[in-house]
Amino acid sequence: MTSNRKQAENSVPHPDVPGRPCSAAAALQLVGERWALLAIREIFYGNQRFDRIVRNTGAPRDRLAARLRALEEAGVVERHSYSERPLRFEYHLTEAGRDLAPVMHALLAWGDRWAVDTPPVAFRHRGGPGSDHDAEHDLDLKSTCRTCGEEVGSGGLTIDVRAPGWDQAGPIEGS
C-alpha cells in the first residue's frame with residue numbers, strides 16, 4: 001500500500017503483476033479491461049443501473065456482471081440497493097472510482113484525436129463563481145504540476161525509479 005492512502009478501509013488492493021513494478025500495470029490489472037472501463041464511463045455519465053450499463057456498453061451481461069463484481073472488490077464502485085422486490089442495485093463510484101475522471105478524459109481526448117473521425121461526445125465547461133469567464137466551451141484539459149503550478153510537458157520530466165532492484169532500463173544485474 002502507498003503512504004498517501006487516506007484510510008485503510010478506502011484503500012484499493014495492490015495486485016501482484018509480472019514484470020517491472022509499476023503503478024500503471026497495477027492500475028491496468030484493476031481497471032484496464034474494456035468492459036470495466038466502459039462500465040466506469042457509464043457510471044460517470046449517470047447510468048448507474050445494470051440494464052442501462054449493459055445497453056450502453058454492448059457488453060455481454062455475464063461478462064459485465066463479472067467486471068462490476070471485480071470493480072466492487074477492488075473498491076472502485078459500490079452497490080446501493082434501489083429495490084427490495086426484486087432486489088436490484090445501482091452502481092456508484094467510490095473515491096477511487098471518481099479519481100479515474102482524468103484518465104477517462106485523457107482516453108476520450110486521445111480517441112477523439114486518433115481513433116474516430118468525429119468525436120461522438122464533447123464535455124462542456126463553464127467557469128464557476130469567481131472565474132473570469134462564464135461562457136460555456138468545450139473542455140480542453142492540460143496537465144499542471146500541483147507543486148509549482150507550471151504546465152507539464154514531456155521535456156520537463158525525468159524518471160526516478162524507486163523499485164528496489166530496478167532502473168530505467170529494467171532489472172539491475174545481480175539484484
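This briefing walks through a pocket, a nonpolar core and one buried residue. The structure is a predicted model. Helix H2 is a good thread to follow, as it supplies residues both to the lining of the second largest pocket and to the largest nonpolar core.

**The second largest pocket**
- The volume of this pocket is about 960 Å³.
- Its lining is made up of 29 residues, and those nearest the pocket centre are His 105, Ala 106, Leu 107, Leu 108 and Ala 109.
- Helix H6 (101–114) gives the largest share of the lining, with 13 residues, and helix H2 (34–44) supplies at least two.
- Sorted by class, the lining holds 20 nonpolar, three polar and six charged residues.

**The largest nonpolar core**
- This core has 23 residues, and Ile 40, Leu 64, Leu 68, Leu 71 and Val 76 have the most contacts inside it.
- At least two core residues come from each of H2, helix H3 (50–57), helix H4 (61–73) and strand S2 (87–93).
- H2 provides the largest share of the core, seven residues.
- Take a look at Ile 40: leaving out residues up to four places away in sequence, Ile 40 touches Val 31, Leu 71, Val 76, Leu 93, Leu 100 and Met 104.

**Glu 90, a buried residue**
- You can find Glu 90 in strand S2.
- Glu 90 counts as buried because its relative accessible area is 17%, and buried means under 20%.
- The side chain of Glu 90 makes a polar contact of 3.1 Å with that of Arg 49 and another of 3.3 Å with that of His 92.
- Setting aside neighbours within four places in sequence, Glu 90 is in contact with Gln 48, Arg 49, Glu 78, Arg 79, His 80 and Tyr 82.

Notes. Residues numbered from 1 in each chain as written. Predicted model: local features only at pLDDT ≥ 70, side-chain atom pairs only at ≥ 80, totals over all residues. Heavy atoms only, no water. 1 Å grid on protein atoms, 1.4 Å probe; cavity = no way out; pocket = protein on both sides within 12 Å on 5 of 7 lines; lining within 4 Å. Points joined across faces, edges and corners; volume = space filled by probe spheres on them. Helix = DSSP H or I, 4+ residues; strand = E, 2+ residues; numbered from the N terminus. Nonpolar A, V, L, I, M, F, W, Y, C, P; charged D, E, K, R; others polar. Core = buried A, V, L, I, M, F, W, Y, C linked by side-chain atoms within 4.5 Å. Buried < 20%, exposed > 50% of the residue type's maximum accessible area, 1.4 Å probe, protein only. Contact = heavy atoms within 4.5 Å. Polar contact = N/O pair within 3.5 Å; in protein donor to acceptor, adjacent residues only side chain to side chain.
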